[in-house]
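Have a pencil ready? Please look over the sequence and the model below before you start on the exercises.

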Amino acid sequence: MSELILGVSAYYHDSAAALVSDGLPVAAAQEERFTRRRHDPAFPAKAIQYCLDEAGAKLDDVAAVVYYENPKLKVGRVRATYLAAAPFGSSSFAASVGGWLGDKRSVGATLRRELKALDLGAIPPVQCRQHHESHAASAFLPSPYESAAVLCIDGVGEWATTTMWHGRADGSLKPLTEIRFPHSLGLLYSAFTYFCGFKVDSGEYKLMGLAPYGTPRFADVIRRELIDIKADGSFRLNMKYFEYLKGEVMTGPAMERLFGIRRRLPEAQLTEEQFDLAASIQQVTEEVVLKLGRTARRLTGESRLCLAGGVALNCVANGKLAEAGVFDEIWIQPAAGDAGGALGAAMLTAIERGASRPLDPAGRDAMSGSLLGPSYSDERIASFLTSRHIPFQRYEDGELATRTAELLAQDKVIGWFQGRMEFGPRALGARSILGDARSPEMQSTMNLKIKFRESFRPFAPAVLAERAGEYFGLTQPSPYMLLVTGIQPQQRIAETGAVANGLDRLKQHRSTVPAVTHVDYSARVQTVEDDGVNPPFFRLLSEFDRITGSPVLVNTSFNVRGEPIVNTPEEAYTCFMRTNIDYLVLGNHVLAKQDQPAWSEEVDWRESLPLD
């Protein structure tokens, strides 16, 4: 049997498990997809069970279990932080001390106990990597590059918040430089997320989406008072404006005095102040990322860059770096946050144990399109539907693409459930909600009537790679929806009438694909190729192009606000019935909303979902 290495991330947020076989990723999933608790930090028991099942293995067959960070170093940093902040933060320390003196301090023992409880065989040796080492490995090892510069930026691991590495042809990673806590670009961005009334470790993408509605009038204040940025991209934060060292909140009165603005309370009305704060911190973040990228190029001499860490999910900054031409190509780990650390830890350990790095001669990466989660056979889906007496029609592959494309062309919203679930935060055409990007009403319809989320949030386009250049100014492929770029001039529509401000700008149509065009003429693009990674999605896009002449669809995750992306056919059906999705495509089965029996629940399901 091939040598199996199991990677685990847990106990902070986005717990996950990943399994590699002779260095190749074969399965990976976040625990939230099984427990239905968004960003679940618990031990990933269900994700581990899935990974082993996918490989037809037991724990006896696993050579090593690898945790994605070093708990002793992490506990040391937390203890030092509380001592430095004393007596402030004592209540936060008292509330969490049990965890730090118990499970989080002795992760090895905790993992062995949890693995034993799974009753899946003898427990393999357990070891720990370092947090940024795991990030760097997740960025470089599955990338398509023989060698590359590697840049990891996040909130904080043990001590590091930003690291640079040189990924070399022998599969090794040479550390080059690091920035240490409390100086953190990720925590700076999270502080503004909190200050603007969004949830930390969840709402950062909202802040990014809000930025184009504002002007960066506070950017100079941020540079002057909050962050000292050097020419090489290194930086220091002015800690008198931040509260996270005390462990309870991100910002306090000092930030309010600096900007002359009260912190927005969650769910309060958005104002021009939040628009401009978002625009300002986004501009500063892009400046730091660009300078760090130039330094990584200079230190390594490499023409290709790999990215990971939570800040690598800032696809606007990624797009600016790509457009700047510092590197010929950029590859971003699709599970760039902590979940991806499980995969990086497992892959690095496999390489060190003698596995070959999975480099593809055709230049493809080793992530299988990030489709590393569970799949459900057509027989399994049919059994579910028939057992529940759910009306449906079944189509063969070619007929399915044609029928679905016809419905999309009629402005119908489709729940699309195919093949293996995505690993990472993005839906990539396996667990997606789809719509016609040409529809002027689609963006507001999806936000307010299907996703039940804020109206300002943009949607991403999925586009046939061969025609992407007609619509979007990409400089390279973007298979994981992690690059933002501009709409091509020939697709733009000039704004007419009175100049709109704030959220009123949503009402103005800016391109031939208005449902995926943000207010600054940008889009977060997913390119879809005929590479065998996701044949049903490629067939659908191709058929939609044939019928309509447009190769672009709206692609958003198959969930509602506050809920993880659906995993099973049952969860997909529940989401379908709770929302205004018109049709549900489960494998080769098409369900029309109008044909379904009445749906009722004893309690309002929205009350059980926390706000994201």
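The exercises below go from the whole chain to single residues, and the model they use is a predicted one.

**Exercise 1. The overall build**

Task: Work out how many helices and strands the protein has, and judge its compactness from the radius of gyration.

Solution:
- Step 1. Start with the elements: there are 19 helices and 21 strands.
- Step 2. Now compare two numbers: the radius of gyration is 23 Å, and the globule rule gives 25 Å for 612 residues. These values are close, so the protein is as compact as a globular protein of that length.
- Step 3. For the dimensions, follow the C-alpha trace, which spans about 65 × 60 × 55 Å along the principal axes.
- Step 4. Turn to burial: 59% of the 612 residues are buried.
- Step 5. Finally, take the contacts between residues at least 6 apart in sequence; 72% of them join residues at least 24 apart.

**Exercise 2. Surface and charge**

Task: Find what share of the accessible surface belongs to carbon and sulfur atoms, and how far apart the centres of the positive and negative side chains lie.

Solution:
- Step 1. The accessible surface is about 23,400 Å², and carbon and sulfur atoms account for 49% of that.
- Step 2. Counting charges gives 66 positive and 74 negative side chains, with 5 Å between the centres of the two sets.

**Exercise 3. A helix under cover**

Task: Decide whether helix α6 is largely enclosed or not, and say why.

Solution:
- Step 1. Helix α6 covers residues 131-140, and nine of its 10 residues are buried, so the helix is largely enclosed by the rest of the structure.
- Step 2. Among the buried residues are His 131, His 132, His 135 and Phe 140.
- Step 3. Look for the cover: it includes strands β6, β7, β8, β11 and β12 together with helix α13.

**Exercise 4. Three buried polar side chains**

Task: For Asn 555, Ser 9 and Arg 33, establish the burial, then find a backbone oxygen that each side chain reaches.

Solution:
- Step 1. Asn 555 sits in strand β19. Its relative accessible area is 2%, so Asn 555 is buried. The side chain of Asn 555 reaches the backbone oxygen of Ala 427 at 3.2 Å. Other contacts of Asn 555 include Met 481, Gln 526 and Phe 537.
- Step 2. Ser 9 belongs to strand β1, and at 1% relative accessibility it is buried. A polar atom of its side chain lies 3.4 Å from the backbone oxygen of Asp 338. Ser 9 also touches, among others, Tyr 67 and Tyr 68.
- Step 3. Arg 33 is in helix α1 and is buried, with a relative accessible area of 1%. Here the partner is the backbone oxygen of Glu 422, 3.1 Å from a polar atom of the Arg 33 side chain.
- Step 4. Follow Arg 33 along the chain: Asn 567 is 534 residues away, yet the two C-alpha atoms are separated by 5.9 Å.

**Exercise 5. Backbone geometry in loops**

Task: Which residues does a cis peptide bond join, and is Asp 14 buried or exposed?

Solution:
- Step 1. The cis bond joins Phe 181 and Pro 182, with omega about 10 degrees. Pro 182 lies in the loop between β8 and α7.
- Step 2. Asp 14, in the loop between β1 and β2, has a positive phi of about 55 degrees without being a glycine. Buried means under 20%, so Asp 14 at 16% counts as buried.
- Step 3. Asp 201 has a positive phi too, near 70 degrees. At 42% relative accessibility, Asp 201 counts as partly exposed.

How values were computed:
Residues numbered from 1 in each chain as written. Predicted model: local features only at pLDDT ≥ 70, side-chain atom pairs only at ≥ 80, totals over all residues. Heavy atoms only, no water. Helix = DSSP H or I, 4+ residues; strand = E, 2+ residues; numbered from the N terminus. Rg over C-alpha atoms; globule rule 2.2 N^0.38 Å. Buried < 20%, exposed > 50% of the residue type's maximum accessible area, 1.4 Å probe, protein only. Contact = heavy atoms within 4.5 Å. Areas by Shrake-Rupley, 256 points an atom, 1.4 Å probe, with all protein chains shown as cover. Lys, Arg positive; Asp, Glu negative; His and termini not counted. Charge placed at Lys NZ, Arg CZ, Asp CG, Glu CD. Polar contact = N/O pair within 3.5 Å; in protein donor to acceptor, adjacent residues only side chain to side chain. Lists of a residue's contacts leave out its neighbours within four places in sequence.
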